[in-house]
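The exercises below ask you to work through strand pairing, ring geometry and helix packing, each followed by a solution in steps. Please attempt each task with the sequence and the structure at hand before you read its solution.

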Amino acid sequence: MGTAVLRTVEEVKAWVAGLRREGRRLALVPTMGFLHEGHLSLMREGRSRADVVATSIFVNPTQFGPKEDLSRYPRDLSGDVAKCASAGVDVVFAPEDPKAMYPPGYQTYVEVTEVSQGLCGERRPGHFRGVATIVTQLLCLFRPDVALFGEKDYQQLQVIKALNRDLHLGADIVGMATVREPDGLAMSSRNAYLSPEERKRALSLSRGLKAAQALLREGTREAGALVGAVRRELEAAGLREDYVELVDAERLTSLASVAPGQSARLLVAAFSGTTRLIDNMPLGG
């Protein structure tokens, strides 16, 4: 039958109602489009966990700040739909206009108050309110049995887990490991902004994180040394650091060191040229 494209909320509601009458299990993969292998891995995993897979493609305006890249965010709907079809997606929801999700008079926003603090939440005020609002809308609209997200956006994943739990939305929220290019660069739609030289320098994010993992394996547990390993790589490559922080893997609170058996995460954000990139890797656990 191929992949169907739905453009309105009403079409989604009708489609979901039919799915529920049939008692079929649904997996949802929310995206902003310009899909890459990281997104497609989520869709394929959704196929293994459910009878039907839906993907949303929507560049959500409420998660962009006034000086951020909403207008230039890359878009390729026809190419994205073809990629969704190749990954076994049954339905793509691609609203024709932001007013489909934020109609005139819209006034309801969702805010997760703790795991949204610090890190990207501090550097991008309002970003996670926008993320939480659109994901809540999509979870309410589709009522999926499972929803899949990438761990590259690690703080976002914790925000989504919290809102799903606190608002009793009932989805199984699955975080999938970051998909990387062969040279280690985390796949991201924003990589399209990078010049060849900027892309080469961007490899310092993953190199620094791997260096920190190696230090931990050798017995170094202090945050200063682990964070320093990342900073040295960023500085050597000429990247401008936004943050490098060692945090508890669930609460995202800052850690002074990694205790034996503790699950921690090292997160980094930096600018290669004018493009802000993020990455993270697990430490301990």
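**Exercise 1. Determine how strand 8 and strand 9 are connected, and then describe the pairing and the burial of strand 8.**

Solution. The model is a predicted one, and the place to start is the turn. Strand 8 and strand 9 form a hairpin with two residues between them, and within the turn G273 has a positive phi of about 65°.

The next step is to follow the pairing on this side: strand 8 and strand 9 (residues 275-284) run antiparallel and are joined by 10 bridges. One of the bridge partners can be named, since S263 pairs with G284 in strand 9.

Turning to another neighbour, strand 7 (residues 240-248) pairs with strand 8 in the antiparallel sense, over eight bridges. Here R240 stands opposite F271 in strand 8, and the side chain of R240 also lies over the face of F271, at 4.0 Å from the ring centre.

The last step concerns burial: of the 10 residues of strand 8 (residues 263-272), nine are buried, and the strand is accordingly described as mostly covered.

**Exercise 2. Decide whether strand 2 is enclosed or open on its two faces, and identify the sense of its pairing with strand 3.**

Solution. Begin with the count, which shows that six of the six residues of strand 2 (residues 26-31) are buried, so the strand is largely enclosed by the rest of the structure. Then separate the two sides: L26, L28 and P30 lie on one side and A27, V29 and T31 on the other, and all are buried, which leaves both faces covered.

For the pairing, strand 2 and strand 3 (residues 52-57) run parallel and are joined by six bridges, and within strand 3 the bridge partner of L28 is A54.

**Exercise 3. Classify the ring pairs W15 with F142 and Y102 with Y106, and compare the exposure of the partners.**

Solution. A pair of aromatic rings is described by the distance of the centres and the angle of the planes. A search of the whole structure finds five aromatic pairs. In the pair of W15 and F142, the centres are 6.4 Å apart with 70° between the planes, and the pair is edge-to-face. This pair links distant parts of the chain, W15 belonging to helix 1 (residues 9-21) and F142 to helix 5 (residues 127-142), 127 residues apart.

As for exposure, W15 is partly exposed, with a relative accessible area of 22%, whereas F142 has 0% relative accessibility and therefore counts as buried.

In the pair of Y102 and Y106, the ring centres are 5.1 Å apart and the planes stand at 80°, so this pair is edge-to-face. Y102 is buried at a relative accessible area of 12%, while Y106, at 25%, is partly exposed.

To complete the picture, W15, F93 and F142 form one aromatic cluster. A charge over a ring also involves Y193, whose face has R72 lying over it at 4.1 Å from the ring centre.

**Exercise 4. Work out the relative direction of helix 7 and helix 8 and the hand of their crossing.**

Solution. The axes of helix 7 (residues 196-217) and helix 8 (residues 223-237) come within 8 Å and cross at roughly 155°. Angles over 145 degrees count as roughly antiparallel, so helix 7 is roughly antiparallel to helix 8. The remaining step is the hand, and the crossing of helix 7 and helix 8 is right-handed.

Definitions and conventions. Residues numbered from 1 in each chain as written. Heavy atoms only, no water. Buried < 20%, exposed > 50% of the residue type's maximum accessible area, 1.4 Å probe, protein only. Helix = DSSP H or I, 4+ residues; strand = E, 2+ residues; numbered from the N terminus. Pairing = 2+ DSSP bridges. Phe/Tyr/Trp six-rings, centres within 6.5 Å; stacked < 30°, edge-to-face > 60°. Lys NZ or Arg CZ within 6 Å of the ring centre and 35° of its normal. Axes fitted to C-alpha atoms, helices over the stretch in contact; angles between N-to-C directions. Parallel < 35°, antiparallel > 145°, perpendicular 65-115°, else oblique. Left-handed = near helix turned anticlockwise from the far one by under 90°.
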